[in-house]
Number of protein chains: 2
Amino acid sequence: MQIGSGRRSNRDRTEATRADLIRAARTLFREKSYADTGTPEIVAAAGVTRGALYHHFADKQALFAAVVEQEAAMVAAEVDHASPVSLPAREALIAGSDAYLAAMRAPGRTRMLLIDGPAVLGRAAMDEIDNSHGNRSLREGLVAAMRAQSMARLPVEALTALLAAAFDRAALAIEAGASAEDYRAVLVALIDGLSPAPLPSTRPAPSR
Amino acid sequence: MQIGSGRRSNRDRTEATRADLIRAARTLFREKSYADTGTPEIVAAAGVTRGALYHHFADKQALFAAVVEQEAAMVAAEVDHASPVSLPAREALIAGSDAYLAAMRAPGRTRMLLIDGPAVLGRAAMDEIDNSHGNRSLREGLVAAMRAQSMARLPVEALTALLAAAFDRAALAIEAGASAEDYRAVLVALIDGLSPAPLPSTRPAPSR
DNA sequence: CACACAACATACAGTTTGTATGTAAATGGG
DNA sequence: CCCATTTACATACAAACTGTATGTTGTGTG
């Protein structure tokens with residue numbers, strides 16, 4: 001039996017090969033760094049040759065970009081899934097940040113998205129990817145909180161970027177073995193600190 | 001005339017060559033990325049051969065580490081110089097963050113310290129470098145603020161790391177062309193938000 | 001002064017990336 | 001249905017780079 005060996009359309013071939021390449025590359029980029037992963041290794045894992053790679057992608061960076069974009073979308077999906085719109089603004093933000101930290105625990109994600117991504121694609125490109133996927137819900141959550149008067153009115157882009165940066169660093173620290181509770185407590189404190197008036201019971205988390 | 005051509009001691013030779021290599025590498029690493037800078041180019045700029053490089057440094061990474069360490073120390077020195085201990089805790093923190101953002105405007109510093117550094121040396125190594133130079137004053141400032149009751153008591157390591165991450169991202173955004181005022185305002189808001197009670201007149205400092 | 005060693009310079013081997021070329025399969029018009 | 005063209009690959013090649021091994025010159029030392 002030959003699995004789908006008959007006459008495959010060109011579009012199917014392309015789709016399948018691209019998917020194979022991206023899948024193999026994703027696995028390797030999660031295990032090792034971008035620099036430590038060679039194209040011969042990738043194509044071997046994908047079961048094709050380097051010719052196929054360079055036919056479908058301009059270069060190694062382009063393949064990496066495709067992988068990163070997909071991975072960022074996956075993270076964003078997990079986060080969006082976990083923070084329903086029904087929650088009040090502050091709780092939605094905290095739920096979202098918890099979901100983000102949980103999603104970033106998948107092995108290799110932090111290095112790929114937070115370390116190699118900016119280094120290989122540049123921070124501008126990473127910002128674009130982030131803004132088109134993950135950061136959008138964060139920014140919308142912040143805008144909603146501001147509208148609900150539960151957050152100080154601040155430049156939205158800057159606030160989004162800096163909170164996202166804090167989330168990112170927290171994810172890195174937690175993967176490096178730091179206390180997730182500590183980082184969560186500080187993140188919550190940062191969020192709550194942005195409330196114009198102190199919330200009824202904004203008891204600071206106990207320092208470890 | 002031969003500049004110091006006579007009999008140079010071995011220690012002098014080593015010192016001079018290492019300095020030449022680090023200087024040339026620093027210039028190039030500030031202009032281009034780590035990946036785009038080859039060792040042939042570095043040694044040519046330094047006026048030596050690759051043999052000298054690999055005699056004094058284990059590999060390209062080790063040279064990069066030396067450059068990064070020096071650059072991080074320079075930044076830390078500029079920051080420490082600009083935030084005298086006489087200021088009250090909050091003002092010292094803000095002065096320090098301003099100084100940090102100013103120091104990071106030196107061309108190429110953000111890429112080298114915030115992008116390539118973590119990617120090439122790993123975030124663990126970068127944390128070690130940061131903690132031994134720049135982050136120390138930040139952490140001390142935070143501890144002082146907590147002691148002065150002008151800041152919520154939070155896990156110090158986590159708070160230091162997350163604020164540093166926000167500073168870093170602000171530096172990157174500003175270099176990318178974002179509004180320095182916006183980012184400064186958000187940073188100040190984040191710092192002020194950590195005060196347990198709203199200060200009497202926490203009027204945001206006029207953005208420069 | 002001679003021997004040992006440090007500080008290089010040169011030569012080499014192995015990999016990797018991107019490109020150029022070649023081949024088989026698919027698409028589309030007549 | 002057939003043939004020309006294009007697409008999807010595979011193979012071969014050239015260039016560059018990194019790290020190492022080897023050779024040479026200068027320095028310290030008994």
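**DNA and chain contacts in a predicted model**

User: Which residues are closest to DNA strand C?

Analyst: This is a predicted model, in which local features need pLDDT of at least 70, side-chain atom pairs count only at pLDDT 80 or more, and totals for chains, interfaces and linings use all residues. Residues are numbered from 1 along each chain as its sequence is written, and chains are lettered from A and ligands numbered from 1 in the order in which they are written. Strand C is surrounded by 22 residues, a residue being near if its C-beta atom, placed from the backbone, lies within 6 Å of the strand. The closest are A:Ser9, B:Thr17, B:Thr49, B:Gly51 and B:Ala52.

User: Which elements give two or more residues to the surface near DNA strand C?

Analyst: Helices here are DSSP runs (H or I, at least four residues), numbered from the N terminus. Both chains take part: helix H2 (39-46) and helix H3 (50-56) of chain A, with helix H1 (10-31) and helix H3 (50-56) of chain B.

User: How far apart are the end C-alpha atoms of residues 38-57 of chain A?

Analyst: An unreviewed UniProt entry places the feature "DNA-binding region" at these residues, 38-57 of chain A; such annotations may be inferred rather than shown by experiment. The span is 75% helix and 0% strand, and its end C-alpha atoms lie apart by 15 Å.

User: Which helix supplies the largest share of the side of chain A that touches chain B?

Analyst: In all, 37 residues of chain A are in contact with 35 residues of chain B (C-beta atoms, placed from the backbone, within 7 Å). Helices H6 (109-132), H8 (156-175) and H9 (180-193) of chain A each supply at least two residues of that side. The largest share, 12 residues, comes from H8(A).

Terms used. Contact = placed C-beta atoms within 7 Å.
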